[in-house]
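User: I'd like to talk this model through with you. Here it is.

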Amino acid sequence: MATFETTLLKKEPIAKDTMAFTFEKPEGFEYKAGQFCDLILVNSTELGEGANVHTFSFVSEPNDDVLVLATRLRDSAYKRELKDLSEGTVVKIKGPFGHYKLHKTETTPAVFVIGGIGITPVKGIITDATHKRLPHDITLLYSNRYPDDAAFLEEFKQLAQENEHFQFVPVMTKADADKWDGERGHIDADMLKKYVSDVSEPIYYLSGPPGMVQAMYEMLVEAGANEDNIRAEEFGGY
């Protein structure tokens, strides 16, 4: 897989303990919405070879002239160094990798059941589908503890206004009723069936922490989803 050199253009907080990083798009670099890359901190003095590499999904659309990655800022040596990168720093990306992308059959609905920072590949997929005016019916159930934890919350609300085929269901597991008027609690079969009329019909996409992905997989199967139509991407160690 090819490796490309690129430069950090800007970084900005997008949710609690969550930051987006915008890089130049190297000439000749192409990817599909939902794919990911390895980000290599080539000038690191603290991280040894192998420790200076981390995997991130593309938040940006394939047609954008920049590459945007986003991550939770955990207390690891790599994440500390990434957070402190200065604009103009040169890094390398290797990729793209992955097959987590929207299916081609336009008449089959897509349902995304997503936890936390697992939203990163989904942001690119749904934005890309909206701007290309794809006719897929898409539902996103997006689980976080509190609204402040939810990256791209306002962006998805805007996409739902732009795209008549896109239904956005943000879900907060810890938010009090007086501070959140949307869905609360954990995503379960009853909540799924509230927004998906025929549970057996869609192709499902899961992404987030491994425990959440496994729990949602089991919930979908018990609710009547076709196991062959469940696609998962686990975000371990992020």
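Analyst: One term before we start: buried means under 20% relative accessible area, exposed means over 50%, and partly exposed is in between (1.4 Å probe, protein chains only). This is a predicted model: local features need pLDDT of at least 70, side-chain atom pairs count only at pLDDT 80 or more, and totals for chains, interfaces and linings use all residues. Residues are numbered from 1 along each chain as its sequence is written, and side-chain values use heavy atoms, with hydrogens and water left out.

User: OK, α2 then. Which of its residues are buried?

Analyst: Thr120, Pro121, Val122, Lys123, Gly124, Ile125, Ile126, Thr127, Asp128, Ala129 and Thr130. That's 11 of the 12 residues of α2, so the helix is largely enclosed by the rest of the structure. Helices (H or I, at least four residues) and strands (E, at least two) are DSSP runs, numbered from the N terminus.

User: And what span should α2 have?

Analyst: 16 Å for 12 residues at 1.5 Å a residue, and its end C-alpha atoms are 17 Å apart, which agrees. The expected span is 1.5 Å times one less than the number of residues. After α2 comes Arg133, with a positive phi near 55 degrees.

User: Let's pick Ile126 out of that helix. What is it in contact with?

Analyst: Skipping neighbours within four places in sequence, Ile126 is in contact with Phe112, Ile138, Leu140, Phe156, Leu159 and Phe166. Contact here means heavy atoms within 4.5 Å. Ile126 is buried, at a relative accessible area of 0%. Its C-alpha is separated by 9.9 Å from that of Phe112, 14 residues apart along the chain.

User: Phe112 again. What does that one touch?

Analyst: Leaving out residues up to four places away in sequence, Phe112 touches Tyr100, Leu102, Val122, Ile125, Ile126, Ile138, Thr139, Leu140, Leu141 and Tyr205.

User: Where do those two sit in the largest nonpolar core, and how many residues does it have?

Analyst: It has 32 residues, and Phe112, Ile119, Ile126, Leu140 and Phe156 touch the most other members. A nonpolar core is a set of buried Ala, Val, Leu, Ile, Met, Phe, Trp, Tyr and Cys residues joined through side-chain atoms within 4.5 Å. At least two core residues come from each of β5 (66-72), β7, α2 (120-131), β8, α3, β9 and β11. α2 gives the most, with 4 residues.

User: Switching to the sheet. What's the strand order?

Analyst: There are 6 strands in an open sheet, ordered β10-β9-β8-β7-β11-β12, with parallel pairing. At the edges stand β10 (183-184) and β12 (230-234), each with a single partner strand, so one side of each has no neighbour in the sheet. Two strands pair if DSSP finds at least two bridges between them.

User: How many bridges join β8 to β9?

Analyst: 7, between residues 138-144 of β8 and 166-172 of β9. Leu140 stands opposite Phe168 in β9. Helix α3 (residues 153-162) packs on the sheet there, touching β8 and β9, with its direction about 150 degrees from that of β9. Axes are lines fitted to C-alpha atoms, for helices over the stretch in contact, and angles run from 0 to 180 degrees between N-to-C directions.

User: What about β11: is it mostly covered or exposed?

Analyst: Mostly covered, with 6 of its 6 residues buried. Ile203, Tyr205 and Ser207 are buried on one side, and Tyr204, Leu206 and Gly208 on the other. β11 makes 5 parallel bridges with β7, where Ala110 partners Ile203. Another 5 bridges join β11 to β12, and Tyr205 partners Arg231 in β12.

User: Which helix lies across that part?

Analyst: α5 (residues 210-223), across β7 (110-115), β11 (203-208) and β12, running at about 155 degrees to β11. Its buried residues are Met212, Val213, Met216, Met219, Leu220 and Ala223. Seen down the axis of α5, they fall within an arc of 130 degrees, so they line one face of the helix; the arc is that of the directions from the helix axis to the C-beta atoms. They pack against β7, α4 (189-195), β11 and β12.

User: And what's exposed on the other side?

Analyst: Gly211 and Glu222. Right after α5 comes Gly224, with a positive phi near 115 degrees.

User: Last one: which strands pair with β6 in the antiparallel sense?

Analyst: β1 (residues 3-15) pairs with β6 (residues 90-97) over 5 bridges, with Phe4 opposite Ile93. β3 (residues 36-40) is joined to β6 by 4 bridges, also antiparallel, and Ile40 stands opposite Lys92.
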